[in-house]
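Me: I would like to learn how to read a structure feature by feature, beginning with strands and ending with a pocket. Could we go through one slowly?

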Amino acid sequence: MTIENLATNKSFGGWHKQYSHFASSLNCTMRFAIYLPPQASNNHKVPVLYWLSGLTCTDENFMQKAHAQHIAAELGIAIVAPDTSPRGEGVADDENYDLGQGAGFYVNATQAPWNTHYQMYSYIVDELPQLVESTFPVSNVRSIAGHSMGGHGALTIALRNPKRYCAVSAFSPISNPSNCPWGQKAFSAYLGDDQSLWQAHDAAELIKNAVDKIPMRVDQGLADNFLTEQLKPETLESAAKGNNYPLELNLHQGYDHSYYFISSFIEQQLRFHHAHLSQR
């Protein structure tokens with residue numbers, strides 16, 4: 001598979017690199033970023049944290065705003081940040097920010113016109129890791145994390161594939177998308193009106209029947225203006241308690257939905273992942 005290097009920047013002794021490649025699962029050219037810590041070399045493959053961003057974001061938001069590289073460099077963790085949807089001419093879109101390009105919701109769309117390109121679940125779970133692990137000095141020891149829509153993606157992907165990841169974390173995730181406006185709009189478009197199919201991409205539903213359990217951390221700001229209507233962390237907490245799922249839910253007074261919040265607690269999340277990545 002051919003990939004094109006778009007940008008390279010040295011950072012905390014490692015390298016931030018941005019690439020484009022043709023993604024067969026999405027039928028379009030995609031962009032992703034990778035941070036390779038100084039420990040990564042031909043003689044030493046490092047574990048990877050896959051970061052999924054939220055609505056309207058690209059690969060650039062986390063890499064530029066989260067201030068994660070210095071901790072990743074210390075811990076020896078690579079970070080991979082894909083885009084949030086397929087993009088380009090001929091890719092279906094919507095005039096609103098919460099559907100279409102920039103709003104892939106990390107599902108495999110079954111409904112036209114979205115199903116031609118919007119296979120983000122397959123891209124994140126299979127195609128992108130295969131490309132990353134065959135191209136860079138990284139191992140198949142993985143964790144996954146995300147923010148908002150990306151927090152939803154990280155939680156649901158980990159819950160559906162617990163043997164692929166050592167741990168999962170999220171900032172301000174859409175915890176119960178079947179029961180909030182963002183999720184209902186996206187799922188209706190991408191998956192159709194059969195709400196029983198939505199539950200396969202709903203963390204609060206998946207966690208109820210999870211058998212293979214991995215460590216899960218969620219950080220939520222209590223001044224988040226999306227907290228009550230869209231995010232609903234209480235649904236995740238209730239489901240986790242009902243199934244004795246190892247969820248660590250951290251509520252933070254005064255913090256909102258922005259990258260100011262993420263950058264305030266990214267060190268704690270990276271150290272959480274490192275503790276579990278290092279056990280493999």
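Me: In which sense do strand β4 and β6 pair, and over how many bridges?

Reply: Please keep in mind that this is a predicted model. To read a pair of strands, one looks for the sense of the pairing and then for the residues that stand opposite each other. Strand β4 (residues 46-52) pairs with β6 in the parallel sense, over six bridges, and the bridge partner of Leu-49 in β6 is Ser-143. On β6 there is also a pairing with strand β7 (residues 168-171), which is parallel and has four bridges; here Ile-144 has Val-168 as its partner in β7.

Me: Why is strand β6 described as largely enclosed by the rest of the structure?

Reply: Burial is judged by relative accessible area, and a residue counts as buried when that value is under 20%. In strand β6 (residues 138-147), nine of the ten residues are buried, so the strand is largely enclosed by the rest of the structure.

Me: Which strands pair in the antiparallel sense with β2?

Reply: Strand β1 (residues 3-11) pairs with β2 in this way over eight bridges, and strand β3 (residues 28-36) is joined to β2, again antiparallel, by nine bridges. For the register, Ile-3 has His-21 in β2 as its bridge partner, while Gln-18 stands opposite Ala-33 in β3. The turns can be read as well: the hairpin of β1 and β2 has two residues between the strands, and Phe-12 in that turn has a positive phi of about 50 degrees, whereas the hairpin of β2 and β3 has four residues between its strands, with Asn-27 at a positive phi near 60 degrees. Strand β2 (residues 14-23) is itself largely enclosed by the rest of the structure, because seven of its ten residues are buried.

Me: Is Ser-20 buried or exposed, and what does it touch?

Reply: Ser-20, which lies in strand β2, counts as buried because its relative accessibility is 12%. Leaving aside residues up to four places away in sequence, Ser-20 touches Thr-2, Ile-3, Glu-4, Leu-6, Thr-29, Met-30 and Arg-31.

Me: Where is Phe-136 found, and which residues does it touch?

Reply: Phe-136 is found in the loop between α3 (120-135) and β6, and it is buried, with a relative accessible area of 8%. Not counting residues up to four places away in sequence, Phe-136 touches Ile-3, Tyr-19, Phe-32, Ile-34 and Leu-36. Of these contacts, Ile-34 is 102 residues away along the chain, yet the C-alpha atoms of Phe-136 and Ile-34 are separated by 9.4 Å.

Me: How should I read the buried residues of a helix, and which are they in α5?

Reply: An α-helix has 3.6 residues a turn, so residues three or four places apart point the same way. In helix α5 (residues 181-191) the buried residues are Trp-182, Gly-183, Ala-186, Phe-187, Ala-189, Tyr-190 and Leu-191. Seen down the axis of α5, they fall within an arc of 165 degrees, so they line one face of the helix. These buried residues pack against α4 (149-160), α6 (195-198) and α8 (227-231), and α5 is followed by Gly-192, which has a positive phi near 95 degrees.

Me: What is the volume of the largest pocket, and which residues are closest to its centre?

Reply: The largest pocket has a volume of about 270 Å³. It is lined by 16 residues, of which Cys-57, His-147, His-257, Ser-258 and Tyr-259 are the closest to its centre. By character, the lining divides into seven nonpolar residues, eight polar and one charged. Helix α10 (residues 259-277) gives the most to this lining, with three residues.

Notes. Residues numbered from 1 in each chain as written. Predicted model: local features only at pLDDT ≥ 70, side-chain atom pairs only at ≥ 80, totals over all residues. Heavy atoms only, no water. 1 Å grid on protein atoms, 1.4 Å probe; cavity = no way out; pocket = protein on both sides within 12 Å on 5 of 7 lines; lining within 4 Å. Points joined across faces, edges and corners; volume = space filled by probe spheres on them. Nonpolar A, V, L, I, M, F, W, Y, C, P; charged D, E, K, R; others polar. Buried < 20%, exposed > 50% of the residue type's maximum accessible area, 1.4 Å probe, protein only. Arc of directions from axis to C-beta. Contact = heavy atoms within 4.5 Å. Pairing = 2+ DSSP bridges.
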